[in-house]
Amino acid sequence: MKAKIGFFDFAGCEGCQLTVMNLEEELLQVLQLVEIVAFREVMGGSATAARLDIAFVEGSICRPGDRERLLKIRRRSEILVALGSCADNGGVNALGSDRTPEVLCQQVYGANLPHLYTEPPQPLAAVVTVDYRIPGCPIDGREFLATLQALLLHQQPELPSFSVCVECKLAEYPCSFDDGQICLGPITRAGCRAICVEGGSYCRGCRGLIDSPRTSPYHRILEEHGLSVEEILDQYRTFNVKEQPS
Ligand code: SF4
Ligand code: SF4
Ligand code: SF4
């Protein structure tokens, strides 16, 4: 029997779901193994299956009814996976968590729209147990497929424990620091193949901290390039308000 999987979204830009949709060719093969019973962005409507083997959940919790809806998804799902940084750690949404919903609405929309938010944006784990997570803003499509494959084989999906610098060096991209740019690669979890550096930019840390960041050598690199820890922390906040390196 095919595994029943569903995709659900809360507050976010839906870019992580879009990444899954963009897997086009691979999705045709995936559909031989799973039955997708919920995926509003693709199929419309809402899921009717009573039980789900795997729920992939995107976005943060902040709007009226979010908590109740997430709890319902959790109750009917064997495995729940946080899809992307909004779901995993609050992501860019959490930047507003130091303000009241009313102030945030006023600052963003210039009008009082309190119905949009009832609480500061929270990751899924603030409400339910999250079994696995796929970090990134957006997620990496190949990592999504690897996670799904592991779960279908009843194995533990694993995230890389090394930094973006490793993938960057292996690909022989020029280092951003040598161009006078800041980069969060030394402390950020790999898995994206340093895609931002490949594209001529630098790592902004969207995949979150590696397990044991070696901050002392990083401090030395910053000093050598005339950069301060505060500048790095400021950049790191963009995706990781709730998880700061020391
Ligand atoms: S993690 Fe990024 S890409 Fe995914 S929903 Fe949130 S803002 Fe969009
Ligand atoms: S560009 Fe960034 S990720 Fe690449 S080696 Fe330099 S510091 Fe590391
Ligand atoms: S290079 Fe950094 S910011 Fe870019 S996708 Fe990878 S982890 Fe995210």
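Which helix gives the most to the shell around ligand 3? In this predicted model, that helix is α9, made of residues 195–198, which gives three residues to the shell. The shell around ligand 3 holds 13 residues in total, and those that come nearest to the ligand are Cys192, Cys196, Cys203, Cys206 and Arg207. When the shell around ligand 3 is divided by class, eight of its residues are nonpolar, three are polar and two are charged. Helix α9 also contains isoleucine 195, a residue that counts as partly exposed because 17 other C-beta atoms lie within 10 Å, whereas a buried residue would need 20 or more and an exposed one would have 12 or fewer. The C-alpha atom of isoleucine 195 is separated by 32 Å from that of glutamine 107, the two residues being 88 apart along the chain.

The overall form of the chain provides the setting for this site. The chain has 11 helices and five strands, and its C-alpha trace spans about 60 × 45 × 25 Å along the principal axes. The radius of gyration of the chain is 19 Å, which agrees with the value near 18 Å that a compact globule of 246 residues would have. Of these 246 residues, 38% count as buried. Among the contacts that link residues at least 6 apart in sequence, 72% join residues that are at least 24 apart.

The chain is divided into two domains, with domain 1 covering residues 3–152 and domain 2 covering residues 164–236. Their C-alpha centres lie 27 Å apart, and the contact between them takes seven residues from domain 1 and six residues from domain 2. On the side of domain 1 that touches domain 2, two residues are nonpolar, three are polar and two are charged.

Strands β3 and β4 illustrate the pairing of strands in this chain. Strand β3, which comprises residues 52–58, pairs with β4 in the parallel sense over six bridges, and leucine 52 stands opposite serine 77 in β4. Strand β4, which runs through residues 77–83, is mostly covered, since five of its seven residues are buried.

A second ligand site was then examined. Ligand 1 is surrounded by 14 residues, of which the closest are Gly12, Gly15, Gly84, Cys86 and Cys137. Two helices, α1 (15–21) and α5 (85–89), each supply at least two residues of the shell around ligand 1. By class, this shell consists of six nonpolar, six polar and two charged residues. Cys137, named among the closest residues to ligand 1, is joined to proline 138 by a cis peptide bond, for which omega is about 0°. Proline 138 itself belongs to the loop between β5 (132–134) and α7 (141–152).

The shell around ligand 2 was described in the same terms. Here 15 residues surround the ligand, and Cys165, Cys168, Cys175, Cys183 and Gly185 are the closest. The largest share of the shell around ligand 2 comes from helix α8, formed by residues 164–170, which contributes four residues. Division by class gives 12 nonpolar residues, two polar residues and one charged residue in the shell around ligand 2.

Backbone geometry deserves attention at two further positions, both of which lie in loops. Histidine 154 has a phi near 60°, a positive value in a residue other than glycine, and is placed in the loop between α7 and α8. Histidine 154 counts as exposed because only 6 other C-beta atoms lie within 10 Å, where exposure is assigned at 12 or fewer. Glutamate 172 likewise has a positive phi, of about 60°, although it is not a glycine, and this residue is found in the loop between α8 and α9. Glutamate 172 is also counted as exposed, because it has 6 C-beta neighbours inside 10 Å.

Definitions and conventions:
Residues numbered from 1 in each chain as written. Chains lettered and ligands numbered in written order. Predicted model: local features only at pLDDT ≥ 70, side-chain atom pairs only at ≥ 80, totals over all residues. Near = placed C-beta within 6 Å. Nonpolar A, V, L, I, M, F, W, Y, C, P; charged D, E, K, R; others polar. Rg over C-alpha atoms; globule rule 2.2 N^0.38 Å. Contact = placed C-beta atoms within 7 Å. Domains from an automatic or database assignment. Pairing = 2+ DSSP bridges.
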